[in-house]
Amino acid sequence: MDIGNQNFVYHCYQCQNYQTPIFRRLIQHMKLVHAHEPNFSIRCGINNCESVYVNVDSYVKHIQRNHREYGLEDVAQEENGINNHHLLEQLDQNMGAGPVNADQVGDMDPQIVDDADPPDVGSLHNAVGLFILKMREKHSLPRTTVNKLLHDLHSVITCAQSQQIRQIQDSLQTEGINPDRIEQITMMMESDSPLTVLEHFSSEASQMNFIRTNTTHVTPVEYILGELDGVTHTYMYVPILESLKSLLGHDDILNEVLNTHHYCQDGVLQNFCDGTLYQRNDLFGAEPSLQIQLFFDDFEVCNPIGSYRNKQKSNAMYLTIGNLAAKYRSKLCSIQLVWLCKTNLLKKFGLKVLAKQMLSDIKILETDGISVDSHGTNYNFRGTVSFIVADNLGSHGIGGFMEGFTANRICCACMCTYASLKRPFLSTNFRARTVDGHEHQLQMVRQHPNLSTVYGVKDSSPLPGELSFFNVINGLPFDPMHDLLEGVCPLVWSKVLTSLIESGHLNISQINDTLLHFEYSGSDNSSKPSPLSWSAGKVAVKQNASQMWCFSRLTPLMLGSSVTDGSAVWDLILQLNDILNMVFAPRQNPAMIAYLHGVVEDFLKFYLQLFPEGGITPKMHYLTHYSSQMMQYGPLVNCSTMRYEAKHSYFKDLARKTKNRKNLPKTLAVRHQGLMSYYSTSSNILGTDHVLSTGLADMDIGSFCPAVQNSLRQTMKCGRVQVASSVTIQGTLYRPEFVVASHILADVVYFAKICKIFLHNSEPYFLLMCYLDCAFYRKYHCYVAPGTMSEPYLVKCSDLLDFHPLSFGQSEKGLCIVQRYRYLEEFS
């Protein structure tokens with residue numbers, strides 16, 4: 001049916017103020033106005049097609065290739081729009097373009113309808129501004145490179161425009177048009193040229209003016225630390241209150257805060273809100289309130305073994321809003337910069353000077369709060385620091401405790417001494433630090449400074465200052481990444497593998513060959529362990545945190561067959577994996593935490609029994625506090641510094657690209673805030689829920705077996721279904737043959753293989769076949785599936801027991817499935 005007489009109008013859902021009767025112009029509008037926005041994506045929607053694209057040209061090519069029956073082969077050049085009525089009714093599900101009947105046009109704002117004309121200079125100005133911002137900040141190009149690119153682009157357009165004008169002039173002269181009229185047309189083309197927009201952005205000042213006027217830009221401020229040898233030294237501070245206002249100005253973040261997860265009455269711990277510290281905090285009991293999570297750390301931007309090491313080493317403080325769900329807190333755009341300072345200046349001037357402005361802002365947040373207007377409604381948010389995460393030395397420095405693992409008192413949670421680590425113990429053997437006890441110790445140290453080593457405190461914490469709702473005794477959780485993945489695990493694995501090699505069970509070549517040829521799956525593909533080495537008579541286990549987690553989980557499966565049954569050192573590894581699987585569990589309950597407490601104490605006693613010569617390390621001791629801290633903070637995986645460390649990578653990469661060392665903290669802070677400004681231009685700063693898929697095929701439900709047909713018809717109530725080769729959901733990839741945890745029944749975990757992936761109304765469904773009679777095989781620390789499988793059944797991705805695809809491998813026992821962590825339901 002030809003719609004030429006139907007007078008339909010397409011609208012853009014992203015800006016809500018653009019409408020046009022010609023689909024080609026809608027495509028042009030999306031390219032010009034929205035294509036450079038962060039998180040931009042388009043869902044096809046034609047014939048319920050679930051294809052999603054982040055590039056407009058790819059979307060157009062998809063229509064030309066896959067929907068030719070709608071007459072869209074030449075949509076990019078089509079001058080008269082789309083002439084198929086069925087397509088019009090389906091485009092409402094794609095990039096937001098949907099048909100509006102012409103009868104409604106009379107009620108529309110005339111200016112809106114006029115927007116169907118070719119884009120004006122204002123739209124082009126915004127498009128070029130976003131393009132420049134994207135090149136500068138998202139792709140981290142140096143400003144000189146961006147300016148050279150603009151200059152070259154200007155030259156190319158100048159040549160192309162001159163040639164085009166000459167062709168038009170020649171054509172008009174051939175047609176006998178009046179020379180004066182030709183001159184008018186020429187002047188009109190030159191005045192409306194994109195060249196005028198490019199010239200506008202030729203200077204740094206004009207580019208920064210665009211950022212300030214078109215984004216919610218938070219300008220970093222340079223504060224003076226003091227003078228040394230006649231030189232004034234500074235650091236960069238990003239005002240916390242302004243950063244919070246900027247974030248809360250986005251509807252998706254505001255909704256997350258207003259719908260904060262609250263304390264669970266059923267004893268399940270999955271967030272800070274479920275811990276005792278949240279419940280005891282009077283400010284968090286008020287509604288609404290902001291939970292501020294801080295991260296404190298140093299990072300090196302130069303080669304750590306090069307001649308410039310430590311010269312540009314920087315200290316950073318980051319901030320996240322704890323009210324956000326974990327999947328959003330982990331996004332780097334949610335991690336805000338608070339300050340940047342050279343580490344050597346921090347050591348010279350002290351943390352009190354550096355933190356002064358930040359503490360002043362947080363005090364205002366505690367007392368007066370910040371005001372946010374959204375759609376005519378005013379919200380006032382108060383808040384405070386919920387906790388500060390750092391490595392162990394950083395936590396001790398923030399808390400005012402003695403720093404260094406050889407100090408007499410090595411723990412900021414109890415009065416444990418370094419000497420006591422040489423003998424077996426229970427966590428109850430040491431007196432816990434309390435707020436009142438800590439204040440008494442500080443008073444004693446001020447009167448008698450020599451008592452500093454007795455109590456393990458140097459001075460009052462330089463960070464809390466005058467904060468009313470935060471203290472360091474209950475605000476410095478231990479970090480599983482530093483304690484386990486960069487501390488306990490490499491040490492224990494080194495000792496165990498060295499012992500197994502010396503006993504003849506393994507050799508270093510066999511280990512590395514196994515690591516190399518194992519078939520990793522899921523997220524472990526990007527965290528494959530590096531080869532091990534033999535150095536100074538022992539195995540050197542040098543892995544980063546994600547590699548170490550992968551190595552610890554999978555090595556029992558990879559090497560277990562080479563170890564004799566009943567090996568004591570292998571049992572130690574299995575106990576360590578028990579600890580890892582509970583510590584990194586995102587959902588916990590008191591039963592799991594109590595079990596963890598016992599496993600940690602058994603592990604430490606067993607370790608001292610097998611390797612008594614060195615005693616346990618301070619990081620091993622910290623594990624004894626994990627059970628109590630989980631009750632306080634909720635799962636400690638939420639306090640991990642792993643995602644914050646990823647933020648360091650951005651600054652390291654930026655420093656390498658800009659090659660600016662004159663005032664590096666200022667360069668990095670200014671560029672980072674430019675990146676945050678770019679993200680702020682998105683209407684969904686936390687990202688969209690679009691499911692990215694590959695290999696989509698439209699299939700008749702009747703082509704499947706009867707059992708699958710019944711499931712599909714009952715769920716989707718249609719005759720055809722979209723089948724995908726793979727889908728990516730919130731960054732997690734799924735493919736057929738992947739293994740997932742399907743459900744738990746009677747305390748038994750049921751694992752399943754993905755057979756097919758279906759998409760219906762943007763919702764992914766998995767056709768699963770469950771492995772029956774799975775049993776946990778202790779030696780390999782995994783579940784063994786004998787091969788018996790259930791009938792296929794359909795499950796929504798959101799209904800899985802756990803969304804992570806699991807690693808698996810073959811052994812003489814059968815298919816072996818490795819958990820990432822323990823599930824709460826196992827401890828019901």
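In helix α6, the residues Val146, Leu150, Gln161, Ile165 and Leu172 are buried. This helix covers residues 143-174 of a chain whose model is predicted. For its 32 residues, a rise of 1.5 Å a residue gives an expected span of 46 Å. The end C-alpha atoms lie 46 Å apart, which agrees. Gly176 follows α6 and has a positive phi, near 80 degrees.

The protein as a whole contains 29 helices and 27 strands. Of its 828 residues, 53% are buried. Contacts between residues at least 6 apart in sequence were also examined, and 67% of them join residues at least 24 apart.

Two helix pairs illustrate the packing. Helix α1 (residues 23-34) and helix α2 (residues 56-66) have axes that come within 10 Å. The axes cross at roughly 150 degrees. Angles over 145 degrees count as roughly antiparallel, and α1 and α2 are therefore roughly antiparallel to each other. On the α1 side, the contact is made by Phe23, Ile27, Met30 and Lys31. They meet Val56, Asp57, Tyr59, Val60 and Ile63 of α2. By class, the contact of α1 with α2 holds seven nonpolar and two charged residues, with no polar ones.

The second pair joins helix α10 (residues 240-248) to helix α16 (residues 351-367). Their axes are 8 Å apart, and the packing angle is about 55 degrees. That makes α10 oblique to α16. Ile240, Leu241 and Leu244 are the α10 residues in this contact. Their counterparts in α16 are Met358, Asp361, Ile362, Ile364 and Leu365. The contact of α10 with α16 comprises seven nonpolar residues, no polar residues and one charged residue.

Strand β9 (residues 314-321) is mostly covered, with eight of its eight residues buried. In a regular strand, side chains alternate between the two faces of the sheet. Both faces of β9 are covered. On one side, Ser314, Ala316, Tyr318 and Thr320 are buried. On the other, Asn315, Met317, Leu319 and Ile321 are buried. β9 also pairs with two strands, β8 and β10. Eight bridges join β9 to β8 (residues 289-299), and the two run antiparallel. Within this pairing, Asp298 has Asn315 of β9 as its bridge partner. Six bridges join β9 to β10 (residues 336-342), again in the antiparallel sense. Here the bridge partner of Met317 is Trp339 in β10.

Strand β20 (residues 739-745) is also mostly covered: five of its seven residues are buried. β20 pairs with strand β21 (residues 748-760) in the antiparallel sense over six bridges. The two strands form a hairpin with two residues between them. Leu745 stands opposite Val748 of β21. In the turn, Ala746 has a positive phi of about 55 degrees.

A further sheet is open and has four strands, in the order β23-β24-β27-β26. The pairing is antiparallel. β23 (775-777) and β26 (807-811) stand at the edges. Each has a single partner strand, so one side of each is left without a neighbour in the sheet. Neighbouring strands of this sheet are turned by 35 degrees against each other on average, direction ignored. The edge strand β26 pairs with β27 (residues 814-818) over five antiparallel bridges. In that pairing, Phe808 has Ile817 of β27 as its bridge partner. Helix α22 (residues 545-559) lies across three strands, β24 (782-785), β26 and β27. The helix runs at about 165 degrees to β27.

One loop position was examined as well. Ser51 lies in the loop between β3 (42-43) and β4 (52-53). The relative accessible area of Ser51 is 7%. The cut-off for burial is under 20%, so Ser51 is buried. Apart from residues up to four places away in sequence, Ser51 touches Ile42, Arg43, Cys44, His62, Ser693 and Leu696.

Terms used. Residues are numbered from 1 along each chain as its sequence is written. This is a predicted model: local features need pLDDT of at least 70, side-chain atom pairs count only at pLDDT 80 or more; totals for chains, interfaces and linings use all residues. Side-chain values use heavy atoms; hydrogens and water are left out. Two strands pair if DSSP finds at least two bridges between them. Axes are lines fitted to C-alpha atoms, for helices over the stretch in contact, and angles run from 0 to 180 degrees between N-to-C directions. Contact means heavy atoms within 4.5 Å. The expected span of a helix is 1.5 Å times one less than its number of residues. Buried means under 20% relative accessible area, exposed over 50%, partly exposed in between (1.4 Å probe, protein chains only). Angles under 35 degrees count as roughly parallel, over 145 as roughly antiparallel, 65 to 115 as roughly perpendicular and the rest as oblique. Ala, Val, Leu, Ile, Met, Phe, Trp, Tyr, Cys and Pro count as nonpolar, Asp, Glu, Lys and Arg as charged, and the others, Gly among them, as polar.
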